[in-house]
Amino acid sequence: MAAEPLSRQEIDARLRELPGWSTDGDRITRTYALAGHPQAAALVVHVAQLQEELNHHADLLLSYDKLTVTVNTHSVGGKVTDLDLELARRLEAIAPAHGAR
Ligand SMILES: C[C@H](O)[C@H](O)[C@H]1CNC2=NC(N)=NC(=O)C2=N1
């Protein structure tokens with residue numbers, strides 16, 4: 001998967017397949033709501049494992065019962081690439097098992 005910056009139009013088109021995710025053009029982000037703090041913390045651990053597998057790492061903001069994930073690709077100067085969208089897709093696949101909304 002080539003890490004090339006995507007245009008705003010391309011990002012918007014790809015995010016149509018990822019409800020809950022949004023962009024400012026330089027990053028994509030989603031906030032997951034969990035049942036409580038232990039559930040949110042458990043999701044952080046699972047996300048960290050997945051990020052290690054992909055060798056692609058988001059910024060994670062853990063709140064009481066929420067986890068905000070924000071990601072772009074550092075190696076292209078902080079722009080959105082397919083790597084970010086792949087991470088988002090993988091997160092969408094694991095989040096329901098954590099009861100994340
Ligand atoms: C050396 C290592 O492959 C790089 O630093 C990886 C690690 N995780 C990364 N994560 C993100 N979000 N962007 C990167 O460019 C990136 N690069």
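In this predicted model, the side chain of N72 reaches the backbone oxygen of G78 at a distance of 3.5 Å. A polar atom of the N72 side chain also lies 3.0 Å from the backbone oxygen of D26. N72 itself is found in the loop between strand 4 and helix 3. Its relative accessibility is 14%, so N72 counts as buried, the cut-off being under 20%. Leaving out residues up to four places away in sequence, N72 touches D26, R27, H56, G78, K79, V80 and D84. Two of these names return below. H56 is listed around the ligand, and D84 is a buried residue of helix 3.

The ligand is surrounded by N55, H56, H57, V71, N72, T73, H74 and S75. N72 is thus part of these surroundings. Three polar contacts of the ligand can be described. In one, an oxygen atom of the ligand is 2.7 Å from an N or O atom in the side chain of N55. In another, a nitrogen atom of the ligand is 2.8 Å from an N or O atom in the side chain of H57. S75 contributes through its backbone: one of its polar backbone atoms is 3.0 Å from an oxygen atom of the ligand.

Helix 3 covers residues 82–94 and has 13 residues. At 1.5 Å a residue, helix 3 should span 18 Å. Its end C-alpha atoms are 19 Å apart, which agrees with that expectation. Within helix 3, the residues D84, L85, L87, A88, L91 and I94 are buried. Several elements cover them, including helix 1 (8–15), strand 2 (28–33), helix 2 (37–54) and strand 4 (66–71).

The sheet is open and has 4 strands. Their order is 1-2-4-3, and the pairing is antiparallel. Strand 1 (22–23) and strand 3 (59–62) stand at the edges. Each has a single partner strand, so one side of each is left without a neighbour in the sheet.

Strand 3 is joined to strand 4 by 4 bridges, and the two run antiparallel. They form a hairpin, with 3 residues between them. Two residues of strand 4 can be matched to their opposite positions. V69 stands opposite L60, and L67 stands opposite L62. In a regular strand, side chains alternate between the two faces of the sheet.

Helix 2 lies across strand 2, strand 3 and strand 4. Helix 2 runs at about 170° to strand 3. H37 lies in this helix. With a relative accessibility of 35%, H37 counts as partly exposed, because that class falls between 20% and 50%. Its neighbours within four places in sequence aside, H37 is in contact with L62, S63 and Y64. L62 is also the residue opposite L67 in strand 4. H37 and S75 are 38 residues apart in sequence. In space, their C-alpha atoms are 33 Å apart. S75 is one of the residues that surround the ligand.

Technical notes: Residues are numbered from 1 along each chain as its sequence is written. This is a predicted model: local features need pLDDT of at least 70, side-chain atom pairs count only at pLDDT 80 or more; totals for chains, interfaces and linings use all residues. Side-chain values use heavy atoms; hydrogens and water are left out. The expected span of a helix is 1.5 Å times one less than its number of residues. Buried means under 20% relative accessible area, exposed over 50%, partly exposed in between (1.4 Å probe, protein chains only). Contact means heavy atoms within 4.5 Å. Two strands pair if DSSP finds at least two bridges between them. Axes are lines fitted to C-alpha atoms, for helices over the stretch in contact, and angles run from 0 to 180 degrees between N-to-C directions. A residue is near a molecule or strand if one of its heavy atoms lies within 4 Å of it. A polar contact is a pair of N or O atoms within 3.5 Å; within protein, one must be able to donate a hydrogen and the other to accept it, and residues adjacent in sequence count only if both atoms are side-chain atoms.
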